[in-house]
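Biologist: Please give me a close look at the packing of one pair of helices, and then at the sheet. I should like the cut-offs behind each term.

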Amino acid sequence: MIDLTWPVIRALLFQLDAERAHELTLHTLSAAPDLLAAMVRPFTQCPAQPIQIAGLTFRGPVGLAAGLDKNGLAIPFWPALGFGFVEVGTVTAHPQPGNDKPRLHRLVADRAIINRMGFNNEGSAALADRLRKLRESGRWPEVPVGANIGKSKITPLDEANADYVTSTERLRGLADWFTVNVSSPNTPGLRSLQGRDTLATLLPAVLGAAGDTPVFLKLAPDLEPEALEEAVDLAIEVGVHGLIATNTTIGRDGLSAPTDLEGGLSGRPLWPLARKRIETVVNRAGGRVPVIGVGGVERADQVRELLALGCRAVQLYTSFIFEGPGLPSRLHRELA
Ligand SMILES: Cc1cc2nc3c(=O)[nH]c(=O)nc-3n(C[C@H](O)[C@H](O)[C@H](O)COP(=O)(O)O)c2cc1C
């Protein structure tokens, strides 16, 4: 049913500017996420394939990656599509508008997206309010929900730790895990926080503020293997509970036509690089902490490949935009 109607809905949405389509969809979902969840559930049945990660039980290995529901507007809806876990955010300590528009582009022929959103979000206090209301009303979903946190644009790099700590403290006890995002290409200087010295103070600060809540680190595919390995080692040394690889790339390999669009590339062309970087991260982690693979995943064989490499779970974003709401349950059925 969903797979039958999706081509029509997609054709309509793809008539709109990409960000307008995104806003319209999220606005609709946020109006009645529980009702819409109940409506889609009969069409998205898939077997539970529970996975333990950092003390959390993911319902299945395919989860929603950060950035799609930055403000946590439609949290009860995503598990109804079959996602085994959900990451909201990136949120920052200060609410911020993000970069100037246009900043979100579909590359339909390449099944890719280039975005330079720049962490447009309502801030971590607004997300905390939303999560608190969900918990208090007994509407917390049956799958873990993580909060991805980043640095506010107005906060200088040398005050980044406090910015991350503020968001962590606000969300402690509300999010099921934290992801420290130091890997988005659209906040000036952010990715420099992936260096050993900066991670060595940032991660302990967040871990301290997170209390009992697990903390994951999300890494960029544009780090060379040595730098990636250094970040992995440092993260594990200081006690991070998991790694997420990868974010979008500033590279433009694999596109069918040259582009001068700026920002992070995701989707099908990211897969070869992400796959390579995920392998580096998994090998270096050596089973010491779980790794969640992300980047260009669109088919069940790719999920199997990442799990066979040693990932414990995967996330996706861009393929969901192209394949539609039937994708997560379809992948889980194919994997079962
Ligand atoms: C429009 C867009 C916005 C994104 N925003 C965020 C974000 O706020 N925080 C983050 O950690 N990753 C963000 N990402 C990256 C995704 O979570 C994911 O790591 C990346 O897109 C690769 O996966 P994919 O090829 O399945 O999309 C964003 C991706 C897209 C396409």
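Modeller: H8 and H9 are oblique to each other, because angles under 35 degrees count as roughly parallel, over 145 as roughly antiparallel, 65 to 115 as roughly perpendicular and the rest as oblique. This is a predicted model: local features need pLDDT of at least 70, side-chain atom pairs count only at pLDDT 80 or more, and totals for chains, interfaces and linings use all residues. Residues are numbered from 1 along each chain as its sequence is written.

Helix H8 spans residues 225-238 and helix H9 residues 271-285; they pack at about 40°, with their axes 9 Å apart. Axes are lines fitted to C-alpha atoms, for helices over the stretch in contact, and angles run from 0 to 180 degrees between N-to-C directions. Helices (H or I, at least four residues) and strands (E, at least two) are DSSP runs, numbered from the N terminus.

On the H8 side, the contact (C-beta atoms, placed from the backbone, within 7 Å) involves Pro225, Leu228, Glu229, Val232, Asp233 and Ile236. H9 contributes Arg277, Thr280, Val281, Arg284 and Ala285. By class, six of these contact residues are nonpolar, one is polar and four are charged. Ala, Val, Leu, Ile, Met, Phe, Trp, Tyr, Cys and Pro count as nonpolar, Asp, Glu, Lys and Arg as charged, and the others, Gly among them, as polar.

The sheet is open, with three antiparallel-paired strands in the order E5-E6-E11; strands pair if DSSP finds at least two bridges between them. E5 (104-107) and E11 are its edge strands, each pairing on one side only. Four bridges join E6 to E11, and Ala112 stands opposite Gly267 in E11.

Methods:
Two residues are in contact if their C-beta atoms, placed from the backbone, lie within 7 Å.
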